[in-house]
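Work through these exercises with the model open. Try each task before you read its solution.

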Amino acid sequence: MFGHPTDNTAFAALIENYESSILKQSRKLRKAPDDRVVFTGVWYHIDFSVEPRFEPYVIHVVSNGGNVSASRYMLEMFDYDYPGEGFKGWLALEVTSPAAICNVLKSEAAKVSRVREMSHETAGFTPLQGAIWYPAGDNDENDIPIVVSKLFTVTASDQPPDYDREVFATEASHTPLHDEFSEALTEASEKIQITSRLADAFKAIWAEKASDADRQWMLREMSQTVFGVFQGELVIRAERSGPITLTDLANSSTATGSWFQVRNGDDIHEALFSAFDDDDRCQRDDVVLKERQGPAAEGAPECLLETEWIQRGPSTAVRYLAIGPEPRLSW
């Protein structure tokens, strides 16, 4: 994984399970007995409760002399393979010059990579996977982006993604505010400290003159970093205690999600973990979590924080729980 040998047990189990199929397909691809076949792809999780899987997207056949041939993966090597599914298709180019073609392909590749259709699963993973290769030279007209694949996991959503719909319009605009914040965030992440540049970029977006979409974008960008926002202030993420709002918890703590539990009458359902999303980060249904008193309740994990039961109907109530044994992934 990531170019290095791995002791990931889930990955080893998958390879062992499909060993005969992998070797069978490899034999078909070889042109000579000593050819080496390399399958490249992603180790992909659909949800915490679903076994991860390997999604190949390109095949390289390497000869003993070092010659390499490459092809798109369209085999049925695994049970979950659906050859040809999830690809955008052909582009109708109305330009002919290399420079113009390059610009069109770069625009289309960027558009595909911005689509953020979210899965229906609680982990919040996007069902889109694949690879878009941007060669290093930005100004060379021959350095065009090569879209290898943009796979869509059918079990993660009922509908295929709409590539013609701009999901987050503000991301496409690349405003100066966004550019400055992205650069400042990268710089601060390397130093692992809040720099003056990051503080200024944060204030420029957090200020009232910026839109809600801009703030949503910024909080999403920071969600995978050590930086966050606590009660309107830029902070380093840390463990939090109650009372605290779900929004502050999502934006400033080291927790990655919370549990949601439903009670129908006298029936209490098992609490389900869900990764923090835009709704949690943007106060769309903000609630206050307090430190738990006494042992964990029926169907609930050992969490430090929880809300009161919130009435949602005549016989239905819900509550949130946080800071507990979060599900782990097999990366």
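**Exercise 1.** Is Arg 281 buried or exposed?

*Solution.* Keep in mind that this is a predicted model. Start with the relative accessible area of Arg 281, which is 9%. Buried means under 20%. Arg 281 is therefore buried.

**Exercise 2.** Find the surroundings of Arg 281, starting from its place in helix α9.

*Solution.* Step one: locate the helix. α9 covers residues 278-281, and Arg 281 lies in it.

Step two: list the contacts, leaving out residues up to four places away in sequence. Arg 281 touches Leu 219, Arg 220 and Ser 223. It also touches Thr 247, Ala 250, Asn 251 and Phe 276.

Step three: look for a polar partner. The Arg 281 side chain comes to 3.4 Å from the backbone oxygen of Phe 276.

Step four: compare sequence with space. Leu 246 and Arg 281 are separated by 35 residues in sequence, yet their C-alpha atoms are 7.9 Å apart.

**Exercise 3.** Describe how helices α5 and α6 pack against each other.

*Solution.* Step one: mark the helices. α5 runs over residues 176-191 and α6 over residues 196-206.

Step two: take the geometry. The two axes come within 9 Å and cross at roughly 145°. The crossing is left-handed.

Step three: collect the contact residues. From α5 they are Leu 177, Glu 180, Phe 181, Glu 183, Ala 184, Leu 185, Glu 187 and Ala 188. From α6 they are Arg 197, Leu 198, Ala 201, Phe 202, Ala 204 and Ile 205.

Step four: sort them by class. The contact has 10 nonpolar and 4 charged residues, and no polar ones.

**Exercise 4.** Which peptide bond is cis, with omega near 0°?

*Solution.* Go to the bond from Gly 242 to Pro 243; this one is cis. Then place Pro 243. It sits in the loop between β7 (233-236) and β8 (244-245).

**Exercise 5.** Examine the backbone and exposure of Gln 231 and Ile 323, each of which has a positive phi.

*Solution.* Take Gln 231 to begin with. Its phi is about 50°, although the residue is not a glycine. Gln 231 belongs to the loop between β6 (227-230) and β7. Its relative accessibility is 58%, so Gln 231 counts as exposed.

Now turn to Ile 323. Phi is near 60° here, again in a residue other than glycine. Ile 323 lies in the segment after β15 (316-322). Partly exposed residues fall between the cut-offs of 20% and 50%. At 22% relative accessibility, Ile 323 therefore counts as partly exposed.

Note on methods:
Residues numbered from 1 in each chain as written. Predicted model: local features only at pLDDT ≥ 70, side-chain atom pairs only at ≥ 80, totals over all residues. Heavy atoms only, no water. Helix = DSSP H or I, 4+ residues; strand = E, 2+ residues; numbered from the N terminus. Buried < 20%, exposed > 50% of the residue type's maximum accessible area, 1.4 Å probe, protein only. Contact = heavy atoms within 4.5 Å. Polar contact = N/O pair within 3.5 Å; in protein donor to acceptor, adjacent residues only side chain to side chain. Axes fitted to C-alpha atoms, helices over the stretch in contact; angles between N-to-C directions. Left-handed = near helix turned anticlockwise from the far one by under 90°. Nonpolar A, V, L, I, M, F, W, Y, C, P; charged D, E, K, R; others polar.
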